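Dear colleague,

I am handing over a structure that you have not worked with before, and I would be grateful if you could look through it alongside the notes that follow.

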Amino acid sequence: MYDLHTHTTLSDGEMLPMELIRRMAVLGYDTVAVTDHADGSNLETLLAVLPGVRESANIYGVRLLCGVELTHVPPILIQGMAQKAKNLGADVVVVHGETLMEPVAPGTNRTACSCTDVDVLAHPGLITRDDAMLAAEHGVALELTSRGGHNRTNGHVANIARDTGCTLVVDSDAHAPHDLLDKRAKISVAMGAGLKKDECSRAFSLNIDELLFR
Ligand SMILES: [Zn+2]
Ligand SMILES: [Zn+2]
């Protein structure tokens, strides 16, 4: 099992990275991306400190992916910041998409979908078909999320991903221990979004390296 979108005390999460990773290990995860909220103020710090827990994560059987979630970054700056994150060693770059729950700048989805240094567009709200086609073209995965509020548009995201051939990922966007998903909870997020059985297995058996190192 993987989760490509989680938060720790390095931004607004409640757990230190190792508490998150230990809990994920116990739930059966083998791949966990720590993707704290990032902007121009903390991008470098996040990517400098996170590798400090890589060895500990390995000992618990978890492959740590060091990442960031570019959050409320003006669309015009997203591409440059995503590229900078990759140059600083980020394994995964998530962009905080145009959820209905927050005043995310219009154009965030479109820019993220056009950017090869972006791996996952999180909670993309009522993403348009055109934007999803760009995501498919650039290999950017769209996210189904369990997070309350952000998850309102999961059904829409699933439909549009099916129509346009986008890769789907299922993430927790966890900020606290109770946000973490066991296998059953993860499957219900996917099925609740309307994924058929084969679509579920595709989303869960995703080749993470193919997504991240495309
Ligand atoms: Zn947050
Ligand atoms: Zn998040």
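**The two zinc sites**

The 4 donor atoms around the zinc ion (ligand 1) subtend angles of 52 to 125°, and the arrangement is therefore irregular, since four donors count as tetrahedral only if all angles lie between 85 and 135 degrees. Please bear in mind that this is a predicted model. The protein donors of this ion are Asp-12, which appears with two OD entries, together with His-37 (NE2) and His-175 (NE2), and they lie 2.0 to 2.7 Å from the zinc. Along the sequence, these donor residues follow the spacing D-x24-H-x137-H. Asp-12 sits in the loop between β1 (2–3) and α1 (17–27), while His-175 sits in the loop between β7 (168–171) and α8 (183–192), so the pair ties together parts that are 163 residues apart in sequence. Asp-12 counts as partly exposed because its relative accessibility is 45%, whereas His-175, at 10%, counts as buried.

The zinc ion (ligand 2) is coordinated by His-5 (NE2), His-7 (NE2), Glu-69 (OE) and Asp-173 (OD), at 2.0 to 2.3 Å. Its site is irregular too, with angles of 83 to 168° among the 4 donor atoms, and 4.9 Å separate this ion from the zinc ion (ligand 1). Here, distant parts of the chain are linked by His-5, in the loop between β1 and α1, and Asp-173, in the loop between β7 and α8, which are 168 residues apart. His-5 counts as buried, with a relative accessibility of 0%, and Asp-173 counts as buried at 2%.

With kind regards

Key: Residues numbered from 1 in each chain as written. Chains lettered and ligands numbered in written order. Predicted model: local features only at pLDDT ≥ 70, side-chain atom pairs only at ≥ 80, totals over all residues. Heavy atoms only, no water. Donors = N, O, S within 2.8 Å, 3.2 Å for Na, K, Ca; no water. Tetrahedral: all angles 85-135°; square planar, octahedral: opposite > 155°, others 65-115°. Helix = DSSP H or I, 4+ residues; strand = E, 2+ residues; numbered from the N terminus. Buried < 20%, exposed > 50% of the residue type's maximum accessible area, 1.4 Å probe, protein only.
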